[in-house]
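Here's a walk through one protein chain, with an eye on its charged pairs, its helices and what sits inside. Have the model open and follow along.

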Amino acid sequence: MAAAAGRTPELLEQLGIDLDPQLFELARTHRSYAYENGGLPHNERLEFLGDAVLGVVVTEFLYRSYPDLPEGRLAKLRAAVVNSHSLADVARSLDLGHQLLLGKGELSTGGEDKSSILADALEALLGAVLISSGRDAADRLVHHLFDPLVVEAAALGAGLDWKTSLQELAADSDLGTPSYRVAESGPDHDKRFEAVAIVANHVFAPGFGTSKKQAEQGAAKNAFTALSPGPDA
């Protein structure tokens, strides 16, 4: 298997994180690959560790950054950021899927872009950084990857999703209720969705995703950004 490529090693170097190559190899080894190659160690124990690190760091950031928010709102913000879809999107931004060691079955069904596999691998990477370089390094990586998502989630409406925020904005502006048009393509094991939001008969830039919900969220975000006053309008 060729050496891993992608943005992950480059990012770690930029953040001053020295990750043991053997731990990185373990973090990117999916159980399907391990089983096909004689029962090698795989990344699930590191995933368990990384999940805990991620939860603690994000929770502390929320607690310190939003002192006036009640516990219920903080919990919703955390859930909006620490979930499989968000983790998978972060993993995609690192091109982590193409760095994974996957079994032939997973490779044949697009495993390198499955949200569950990507989310688990990202948590395994966090666990590997913790073991290799310590808590400060793991915290630094989590903050770099997830602080922007926390800030974005905090700016959303009460529902903590773009569709709810767009609906609230459209109602406040007397633009009516947004609607969505969705198209899908690809085989059953690798579906791709494209959605557009329509507000007051205006069609906004499309959103894309591996699920209808994900594509509609992207479309709602584009419409919300376009309709919002201010420098991002």
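## Salt bridges across the chain

Start with Lys-221 and Glu-152, whose side chains meet in a salt bridge at 3.2 Å, N to O. That pair ties together distant parts of the chain, with Lys-221 in helix 11 (residues 212-227) and Glu-152 in helix 9, 69 residues apart. Keep in mind that this is a predicted model. Lys-221 has a relative accessible area of 31%, so it counts as partly exposed. Glu-152 is also partly exposed, at 29% relative accessibility.

Helix 11 takes part in a further link of this kind. Glu-216 forms a salt bridge with Lys-163, and their closest N and O atoms are 2.7 Å apart. Here too the pair links distant parts of the chain: Glu-216 belongs to helix 11, Lys-163 to helix 10 (residues 162-172), and their positions lie 53 residues apart. Glu-216 is buried, with a relative accessible area of 10%, while Lys-163 is partly exposed at 27%.

Now for a pair within a short stretch of sequence numbers: Asp-188 and Lys-191 meet through their side chains in a salt bridge of 3.8 Å, N to O. Asp-188 is exposed, with a relative accessible area of 71%, whereas Lys-191 is partly exposed at 22%. Elsewhere, Asp-89, Arg-92, Asp-113 and Arg-192 are joined into one network by salt bridges that share partners. In total, the structure holds 12 salt bridges.

## Buried acids without a partner

Side chains of opposite charge can pair when their charged atoms come close. Which side chain of opposite charge is nearest to Asp-147, and how far away is it? It's Arg-64, 11 Å away, and Asp-147 is buried with no salt bridge. Asp-147 sits in helix 9 (residues 135-154). Beyond its neighbours within four places in sequence, Asp-147 is in contact with Phe-61 and Val-142.

Glu-123, in helix 8, tells a similar story. Glu-123 is buried and has no salt bridge, and Arg-31, the nearest side chain of opposite charge, is 11 Å away. Leaving out residues up to four places away in sequence, Glu-123 touches Leu-46, Glu-47, Gly-50, Asp-51, Leu-54 and Leu-87.

## Helix 4 and its buried face

Several of those contacts bring us to helix 4. Helix 4 covers residues 44-65, 22 residues in all, and reaches 31 Å from its first C-alpha to its last, close to the 32 Å expected at 1.5 Å a residue. Its buried residues are Leu-46, Glu-47, Gly-50, Val-53, Leu-54, Val-57, Val-58, Phe-61 and Leu-62. Looking down the axis of helix 4, these buried residues fall within an arc of 155°, so they line one face of the helix. An α-helix has 3.6 residues a turn, so residues three or four places apart point the same way.

What do the buried residues of helix 4 pack against? Their partners are helix 2 (21-27), helix 5 (71-81), helix 6 (84-93), helix 8 (115-133) and helix 9. On the face turned away from the buried side, helix 4 carries the exposed residues Arg-45, Phe-48 and Tyr-63.

Leu-26, in helix 2, is in contact with Leu-46, as well as Pro-41, His-42 and Asn-43, once neighbours within four places in sequence are set aside. At 23% relative accessibility, Leu-26 counts as partly exposed. Its C-alpha and that of Ala-128 are separated by 8.1 Å, though the two residues are 102 apart along the chain.

## Two nonpolar cores

The largest nonpolar core has 46 residues, of which Leu-19, Leu-122, Val-129, Leu-141, Val-142, Leu-145 and Phe-146 touch the most other members. Helix 1 (7-14), helix 2, helix 4, helix 5, helix 6, helix 8 and helix 9 each supply at least two residues of this core. Helix 8 gives the largest share, 11 residues.

Apart from this core lies another, of 15 residues, including Trp-162, Ala-170, Ala-219 and Ala-223. Ala-219 is also touched by Gly-207, whose contacts beyond four places in sequence include Phe-193, Glu-194 and Asn-222. Gly-207 lies in strand 4 (residues 207-209) and counts as buried at 3% relative accessibility. The C-alpha atoms of Gly-207 and Lys-221 are separated by 8.1 Å, with their positions 14 residues apart along the chain.

Conventions
Residues are numbered from 1 along each chain as its sequence is written. This is a predicted model: local features need pLDDT of at least 70, side-chain atom pairs count only at pLDDT 80 or more; totals for chains, interfaces and linings use all residues. Side-chain values use heavy atoms; hydrogens and water are left out. Helices (H or I, at least four residues) and strands (E, at least two) are DSSP runs, numbered from the N terminus. Buried means under 20% relative accessible area, exposed over 50%, partly exposed in between (1.4 Å probe, protein chains only). Lys and Arg count as positive and Asp and Glu as negative; His and the chain ends are not counted. A salt bridge is a side-chain nitrogen of Lys or Arg within 4 Å of a carboxyl oxygen of Asp or Glu. Contact means heavy atoms within 4.5 Å. The expected span of a helix is 1.5 Å times one less than its number of residues. The arc is that of the directions from the helix axis to the C-beta atoms. A nonpolar core is a set of buried Ala, Val, Leu, Ile, Met, Phe, Trp, Tyr and Cys residues joined through side-chain atoms within 4.5 Å.
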